[in-house]
Amino acid sequence: MAAAEREDELERQSIKEKVRLRLREFDVGGKFSHLPLPKASVLLPLMVREGKLHLLLTVRSIKLRRSPGEVCFPGGKSEATDKDEIDTALREAKEEVGLQPEKVEVICRLVPGIDKMNHLVTPVVGFIEDTFQAIPNPDEVSDVFVVPLEYFVKPLNYKTLPYKTSSGYFRQIHCFIYDDHEHKMSFKIWGLTAHFAVFLALVIFGKRPTFEVDYDLDNLISSSENNLMNLYTSLYERKSNL
């Protein structure tokens with residue numbers, strides 16, 4: 001191995017180790033698995049490319065009934081054969097983009113979110129090699145691309161969108177436009193996908209983003225867990241009142 005390559009590899013390992021230590025502080029494990037909502041998981045595939053952290057994202061096939069053409073992480077609903085949320089995320093990533101489970105170094109599970117179908121969606125974070133070549137399943141995925149993780153705290157093109165939750169509340173949600181020079185096209189990243197990407201970037205970089213977030217940045221763990229439980233409670237109250 002040439003000296004420059006050795007240096008690159010050492011830098012890559014150093015970045016990964018810092019990230020592992022940081023993320024393990026935020027690992028919720030199965031803490032929220034007891035919530036009585038249908039379960040789903042997504043994989044947040046992290047890679048180190050040219051000394052920087054990047055996230056791999058997919059574009060949903062236009063053939064799909066739900067959210068066709070939208071940007072998301074590999075993932076989907078839990079199946080009976082899945083042992084836990086990690087199993088679900090790895091199985092779906094293999095089905096969607098050909099990522100073999102043994103090629104993922106799973107680091108943690110972060111605080112779940114609740115999607116518009118009222119699934120409890122658990123984000124599973126894992127390292128993948130920067131040389132990974134996706135093989136998209138055309139029935140599910142039309143494109144695969146990577147975004148520097150830092151874009152989710154320091155974006156060039158950002159706005160908020162008004163969104164009505166299933167419990168009837170209006171709130172602002174993140175929306176990023178990312179210009180991908182490799183694909184020569186722009187991708188719109190919003191909703192729960194943007195929510196997870198922002199939270200991951202806040203956890204890893206530990207710095208204030210250039211836009212407003214609904215977290216107490218000095219108490220990121222407790223405020224993110226409180227946000228989830230408040231959302232869950234508002235859903236539960238709505239069901240009780242129907």
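Begin by selecting Glu92: leaving aside neighbours within four places in sequence, this residue is in contact with Gly75, Gly76, Lys77 and Glu140. The model on display is a predicted one. Glu92 belongs to helix 2. Its relative accessible area is 7%, under the 20% limit, and therefore Glu92 counts as buried.

**From helix 2 to the preceding loop**

Select Asp82 next, in the loop between strand 4 (75-77) and helix 2 (85-97). With a relative accessible area of 12%, Asp82 is buried. Display the side chains of Asp82 and Arg91, which make a polar contact at 2.8 Å. If residues up to four places away in sequence are set aside, Asp82 touches Lys77, Asp87, Thr88 and Arg91. Lys77 has thus appeared twice on the tour, as a contact of Glu92 and as a contact of Asp82.

**Strands 9, 10 and 11**

Move to strand 10 (residues 170-180) and show it together with strand 9 (158-164). Strands 9 and 10 run antiparallel and are joined by 7 bridges. To inspect this pairing at one position, select Tyr163, which stands opposite Arg171 of strand 10.

Now add strand 11 (residues 185-190) to the selection. Strand 10 is joined to strand 11 by 6 bridges, and the two are antiparallel. They form a hairpin with 4 residues between them. In the turn, select Lys184, where phi is positive, at about 55°. Back along the strands, Phe176 is found opposite Ile189 of strand 11.

While the strands are in view, inspect the direction of their side chains. In a regular strand, side chains alternate between the two faces of the sheet.

**The aromatic residues**

Keep Phe176 selected and colour the aromatic rings: the structure contains 10 aromatic pairs. One of them joins Tyr151 and Phe176 in a tilted arrangement, with 6.3 Å from centre to centre and 55° between the planes. Tyr151 is in the loop between strand 8 (141-148) and strand 9, whereas Phe176 is in strand 10, so the pair ties together parts that are 25 residues apart in sequence. Tyr151 is buried at 8% relative accessibility, and Phe176 is buried at 0%.

Extend the selection to Phe152, Tyr158, Tyr178 and Phe211, which form one aromatic cluster with Tyr151 and Phe176.

A second pair to select is Phe199 with Tyr215. The ring centres of Phe199 and Tyr215 are 5.4 Å apart and the planes stand at 50°, so this pair is tilted. It links distant parts of the chain, 16 residues apart: Phe199 lies in helix 3 (residues 191-205), and Tyr215 lies in the loop between helix 3 and helix 4 (220-241). Are these two residues buried or exposed? Phe199 is buried, at 4% relative accessible area, and Tyr215 counts as buried at 11%.

**Charges over rings**

The tour ends with two lysine side chains. Select Lys188 and Trp190: Lys188 lies over the face of Trp190, 5.2 Å from the ring centre. Then select Lys207 and Phe205, where the charged end of Lys207 sits over the ring of Phe205 at 5.7 Å from its centre.

Key
Residues numbered from 1 in each chain as written. Predicted model: local features only at pLDDT ≥ 70, side-chain atom pairs only at ≥ 80, totals over all residues. Heavy atoms only, no water. Phe/Tyr/Trp six-rings, centres within 6.5 Å; stacked < 30°, edge-to-face > 60°. Buried < 20%, exposed > 50% of the residue type's maximum accessible area, 1.4 Å probe, protein only. Lys NZ or Arg CZ within 6 Å of the ring centre and 35° of its normal. Polar contact = N/O pair within 3.5 Å; in protein donor to acceptor, adjacent residues only side chain to side chain. Contact = heavy atoms within 4.5 Å. Pairing = 2+ DSSP bridges.
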